[in-house]
Amino acid sequence: MRTTTVGDVKILLPDLDPEDLDRVTDLADGLTEALVEGVSWRGAQLEDPSIRSSMITGGDLSESTWDAGRLYGCDITRTDFSGAALTGVSIERCAITGSRFTGTRLTDVRFKDVLFDGCRFDYTTFERVAAVGSVAFTDCTFTHGVWSTCRLPGIALRSCDLVGLELDSCHLGGVDLRGNQLRGLKTPLGNLSGVILAENQLADLTQLVVAALRLVVRDD
């Protein structure tokens, strides 16, 4: 395993060598120590799949349905999960890079030691998603997404696009939001309790306060 640090968040990640993996094109009930490149499993229906210690590059899992199951120790790059539905899935010690989750629905998903880098989550729904270990999102897009009843304490979001992201009844204590524009975020102020901000974000926070309290600001 290798480690990476985002802000104050240290994440354990897989350290896979393609030469040690078996080339696979059939998903079947799961993968173990597999190398998957450019394979389409669009619309696949997966019941409790186990995908471990595998590399997936350029894959197509759009419109797929995941019922429970686990992703562990995987390196996933440039893979399309658009329109997929993930329910009750555990994702642990994974690096997911340059992948698309447009319109994806994640329900009762658990993250532990996961790095999302350069991924698109526009129009994505997180419902009862929880972080039970170190998690970071870097250079990701969350435009017009919805997070509902999520517990994501202590995660890091850096250099992400949050315009139009709606937060509802979320616990985000200790979340590192430095390096993001908060303007355009749609949330009751209580969802931001305990988050970490930089001084240059206070102007955006002020705008959120003005909107949330419906303040009328007039010149003297």
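Two exercises on strand pairing and one buried aspartate follow.

This is a predicted model, in which local features need pLDDT of at least 70, side-chain atom pairs count only at pLDDT 80 or more, and totals for chains, interfaces and linings use all residues. Residues are numbered from 1 along each chain as its sequence is written, and side-chain values use heavy atoms, with hydrogens and water left out.

**Exercise 1.** Give the strand order of the open sheet and name its edge strands.

*Solution.*
1. Strands are DSSP runs (E, at least two residues), numbered from the N terminus. Two of them pair if DSSP finds at least two bridges between them.
2. The order is β6-β9-β12-β14-β16-β19-β21, 7 strands with parallel pairing.
3. β6 (45-47) and β21 (166-168) each pair on one side only, as edge strands.
4. Inside the sheet, β12 (residues 85-87) pairs with β14 (residues 105-107) over 3 bridges. There, Thr87 stands opposite Thr107.

**Exercise 2.** Place Asp113 in its strand and describe its charge and polar partners.

*Solution.*
1. Asp113 lies in β15 (residues 110-117).
2. β15 pairs with β13 in the parallel sense over 7 bridges. Cys94 stands opposite Val114 in this pair.
3. Asp113 is buried, that is, under 20% relative accessible area (1.4 Å probe, protein chains only).
4. Asp113 has no salt bridge; that would take a side-chain nitrogen of Lys or Arg within 4 Å of a carboxyl oxygen of Asp or Glu. Arg93, the nearest side chain of opposite charge, is 4.4 Å away.
5. The Asp113 side chain instead reaches the backbone nitrogen of Leu12 at 3.1 Å.

How values were computed. Helix = DSSP H or I, 4+ residues; strand = E, 2+ residues; numbered from the N terminus. Buried < 20%, exposed > 50% of the residue type's maximum accessible area, 1.4 Å probe, protein only. Lys, Arg positive; Asp, Glu negative; His and termini not counted. Polar contact = N/O pair within 3.5 Å; in protein donor to acceptor, adjacent residues only side chain to side chain.
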